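Reader: I am new to this structure and should be grateful for a close look at a single part of it. Please take one helix and set out what it contains and what surrounds it.

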Amino acid sequence: TALAGADNTHLQALAKLSSLLINPDVVSALKAATKPEEVIDIFKKAEAEKDAQDKADAEKRKAEAAKEAAKPANEQKPLIVGVTACINGIAHTYMAQEALIKAGKKLGVDVRIETNGSEGVKDRLTPEEIKRAKGVVIASDKKVEMPRFDGKELVMKPVVDGINHPQELIEDI
């Protein structure tokens with residue numbers, strides 16, 4: 001029905017807004033805005049910047065993964081893969097992804113996270129990444145496709161743990 005499609009569109013819009021509102025510069029600019037047109041311009045600019053950054057990050061990840069894969073196995077940086085997902089897939093999915101990646105950098109570990117939000121699966125993990133991974137972190141409040149991780153060290157917690165305790169989840173692996 002048209003209403004079901006509208007509900008999904010609503011969730012996608014909320015997910016997009018949430019991903020922009022994680023940026024403190026966007027929040028500061030919105031607080032300083034005095035006209036509706038300024039708010040629209042702030043969101044348009046932030047969305048364009050985020051889309052460009054996401055594309056650049058994906059290309060960088062791909063290049064780094066190829067470079068890392070070309071190294072002998074004993075010289076490769078440890079890789080942990082994971083999935084973040086929440087029932088509504090609005091903010092927690094992306095906040096957990098960001099927190100886990102940052103914690104990985106701090107610990108000297110590459111972290112690749114697949115998100116499963118209201119827009120569906122994004123940044124899907126490849127079979128090669130899963131094979132190379134030392135372990136898997138699932139920070140999710142909804143069902144995740146699990147058979148692909150068979151045989152891997154696995155930590156499974158609620159999505160909020162991916163936000164509040166990312167370092168612990170990575171260390172557990």
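Author: Just after helix H4, Gly108 takes a positive phi of about 75°. The model is a predicted one, and the description that follows works back from this glycine into the helix and then out to the sheet.

Helix H4 comprises residues 92-107. Its 16 residues should span 22 Å at 1.5 Å a residue, and the end C-alpha atoms are indeed 22 Å apart, so the two values agree. The buried residues of H4 are Thr93, Tyr94, Ala96, Gln97, Ala99, Leu100, Ala103 and Gly104.

Two charged residues of the helix form a salt bridge: the closest N and O atoms of Lys102 and Glu98 are 3.0 Å apart. Both belong to H4 and lie four residues apart, about one turn of the helix. Lys102 counts as exposed because its relative accessibility is 52%, and exposure is taken as over 50%. Glu98, with a relative accessible area of 34%, is partly exposed.

The helix lies across S1, S2 and strand S4 (135-140), and H4 runs at about 175° to S2. These strands belong to an open sheet of five strands in the order S3-S2-S1-S4-S5, with mixed pairing. Strand S3 (120-122) and strand S5 (153-157) stand at the edges with a single partner strand each, so one side of each has no neighbour in the sheet. From one strand to the next, the twist averages 15°.

Within this sheet, S1 and S2 run parallel and are joined by seven bridges. Val81 has Arg112 in S2 as its bridge partner. The side chain of Arg112 also takes part in a salt bridge with Glu129, with the closest N and O atoms 2.7 Å apart. This pair links distant parts of the chain, as Glu129 is in helix H5 (residues 127-132) and Arg112 is in strand S2, 17 residues apart. Both Glu129 and Arg112 are buried.

Strand S2 takes part in a further salt bridge, in which the side chains of Asp110 and Lys77 meet at 3.7 Å, N to O. Asp110 lies in S2 (residues 110-117) and Lys77 in the loop between helix H3 (36-70) and strand S1 (79-85), so the pair ties together parts 33 residues apart in sequence. Asp110 is partly exposed, with a relative accessible area of 25%, and Lys77 is partly exposed at 39% relative accessibility. The count of salt bridges comes to seven, among them the Lys102 and Glu98 pair of the helix.

How values were computed:
Residues are numbered from 1 along each chain as its sequence is written. This is a predicted model: local features need pLDDT of at least 70, side-chain atom pairs count only at pLDDT 80 or more; totals for chains, interfaces and linings use all residues. Side-chain values use heavy atoms; hydrogens and water are left out. A salt bridge is a side-chain nitrogen of Lys or Arg within 4 Å of a carboxyl oxygen of Asp or Glu. Helices (H or I, at least four residues) and strands (E, at least two) are DSSP runs, numbered from the N terminus. Buried means under 20% relative accessible area, exposed over 50%, partly exposed in between (1.4 Å probe, protein chains only). The expected span of a helix is 1.5 Å times one less than its number of residues. Two strands pair if DSSP finds at least two bridges between them. Axes are lines fitted to C-alpha atoms, for helices over the stretch in contact, and angles run from 0 to 180 degrees between N-to-C directions. Contact means heavy atoms within 4.5 Å.
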